[in-house]
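User: Please go through this model with me and set each descriptive term against the criterion behind it.

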Amino acid sequence: MQKTAAILAMMLGGGLCLAGERSGKAEVDLISSASAYQAGHPLMVGVRMKIDPGWHTYWTNPGEGGMPISVKWKLPEGWEAGPVLHPVPISFKTGDLPGYGYEGQVILPVFLTPGPEGGGKVSLAAEVAWLTCDDSACVPGDATLSLDLDAGAGEPTPEAVEIEAALDRVPQPMDGASLVVKEEAGKLLLTARLPAELDASGASWMPATPSVVDLAEPIQAVRDGDSWTATVKKHEYASGPATALELVLSGGKLQAPLLLSWEKDP
Amino acid sequence: MKMKSLMGCLAAGFVALSSALAVEPGDTAPAFTLTSVKGESVSLADYAGKIVVLEWTNHDCPFVKKFYSGGDMQKLQETYTGKGVVWLTIQTGQEGKFPTAEKLAELTEKAGGKATAVLRDVGGAVGKSYDAKTTPHMFVIGKDGKVAYAGGIDDKKDTNPESIPGAKNFVVAALDALLAGKAVEVTKAEPYGCGVKY
């Protein structure tokens with residue numbers, strides 16, 4: 001069965017298939033949404049990670065005992081990389097330590113902008129490092145990934161759909177949606193105001209900023225008109241008063257994951 | 001690097017409820033008696049009046065390897081035991097699921113460990129009394145028997161030994177302050193690493 005699947009994968013991969021780099025408990029590769037790049041036009045690429053069954057890797061807020069995925073770019077002169085985008089994670093417990101991350105496959109989309117000039121073939125490279133854990137062990141992995149691209153109009157690659165799908169799962173801010181955090185006696189009062197057309201019933205609330213909110217209990221939000229409030233325990237190791245928080249709302253009746261950001265007034 | 005990264009890490013635990021009361025800086029360090037890998041009985045009380053470091057470890061954990069592969073932890077142990085500090089390295093685990101005393105002694109020998117003693121916390125009672133969460137997880141106890149520092153070894157939460165020179169090492173800061181008779185500035189920081197395997 002496994003052999004058949006492997007052969008099938010090879011056939012489907014065809015000539016375009018570049019083997020991913022295997023390290024630790026995952027296989028990673030760098031994929032592009034287009035077969036070529038155009039000077040000055042952003043190009044969407046993705047770091048694709050296939051994690052071995054039973055293992056998980058970590059989100060920007062890894063929770064306790066994990067480690068976020070690190071991506072360091074080596075790009076041609078003049079190229080710039082946007083932030084590494086993270087799709088909505090799952091929550092889990094590793095032993096008794098709560099955390100957020102990914103199982104199975106995850107693609108982290110990134111927009112790269114080529115310099116305004118130049119052309120010809122380029123080589124894009126990224127050094128990726130991550131940690132995978134299961135209930136009994138943690139194993140790190142690292143790989144240097146590369147992707148060669150020609151200049152030109154190009155065409156969507158077979159991977160473009162996969163990167164797009166991952167991008168759809170990346171939480172986005174929305175006009176009219178806001179977050180306010182107030183601190184009282186070691187507790188944080190989170191108030192999210194959402195546009196009337198959004199119904200966040202049943203959505204999971206996940207702090208994307210590490211070490212602000214205690215993760216031992218899931219966040220329970222209560223609706224009052226267009227505001228949604230939740231009282232949460234402050235993270236044990238929060239350094240000083242809370243000054244910023246990014247919060248992801250996902251699932252339930254929400255069509256798409258939402259990113260709410262708060263910064264304390266200076 | 002890659003070869004090392006392929007080795008497993010016995011880490012996170014299976015205990016479902018562990019909201020043990022965390023030891024806070026300023027609290028009296030919980031007493032304990034454990035058996036060292038050399039078969040000696042070691043009690044915290046044996047070192048009353050001394051500065052004591054507790055280092056939770058697990059040789060297979062990549063965060064522990066970060067500090068042992070380049071000799072950084074061993075150097076800290078050597079430096080501070082040389083200044084009269086007692087350094088106790090502790091591994092928590094369930095019997096049969098973590099290294100035997102012989103194996104742990106061998107791993108310590110091979111790594112060139114310079115701790116005062118290496119202790120096995122079979123069943124995890126001592127780890128729970130300190131709420132040791134990760135490997136490494138560090139506790140510094142002052143001459144007064146009170147916890148002076150509890151938390152991560154430094155502020156670079158990664159597995160990369162190259163981050164060590166630029167990191168702020170909280171254990172070094174706490175020990176230097178205590179040895180100089182000064183107040184410890186950072187008494188608590190988030191522990192990071194693999195979960196302790198309860």
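The exchange below takes up the fold, the sheets and the domains in turn.

Analyst: This is a predicted model, in which local features need pLDDT of at least 70 and side-chain atom pairs count only at pLDDT 80 or more, while totals for chains, interfaces and linings use all residues. Residues are numbered from 1 along each chain as its sequence is written, and chains are lettered from A and ligands numbered from 1 in the order in which they are written.

User: How many helices and strands does chain A have?

Analyst: Chain A has 2 helices and 19 strands, where helices (H or I, at least four residues) and strands (E, at least two) are DSSP runs numbered from the N terminus.

User: Why is chain A called as compact as a globular protein of that length?

Analyst: The radius of gyration, taken over C-alpha atoms, is set against the globule rule, 2.2 Å times the number of residues to the power 0.38. For the 266 residues of chain A the rule gives 18 Å, and the radius of gyration is 20 Å, which is close to that, so chain A is as compact as a globular protein of that length.

User: What share of the residues in chain A is buried?

Analyst: Buried residues, those with 20 or more other C-beta atoms (placed from the backbone) within 10 Å of their own, make up 37% of the 266 residues in chain A.

User: Why is one side of β3 and of β6 of chain A left without a neighbour in the sheet?

Analyst: Two strands pair if DSSP finds at least two bridges between them. In chain A, 4 strands form an open sheet of mixed pairing in the order β3-β12-β11-β6. Because β3 (36-37) and β6 (70-74) of chain A stand at the edges with a single partner strand each, one side of each has no neighbour in the sheet.

User: What makes β6(A) and β11(A) a pair?

Analyst: β6(A) and β11 (residues 122-133) of chain A are joined antiparallel over 5 bridges, set against the required at least two; A:Val71 has A:Val128 in β11(A) as its bridge partner.

User: Which domains does chain A have, and how far apart are their centres?

Analyst: The bounds, which come from an automatic or database domain assignment, give domain 1 (2-168) and domain 2 (178-263) of chain A. The C-alpha centres of domain 1 and domain 2 of chain A lie 28 Å apart. Counting as contacts C-beta atoms, placed from the backbone, within 7 Å, the contact takes 9 residues from domain 1 of chain A and 11 residues from domain 2 of chain A.

Definitions and conventions
Buried ≥ 20, exposed ≤ 12 C-beta atoms within 10 Å, placed from the backbone. Contact = placed C-beta atoms within 7 Å.
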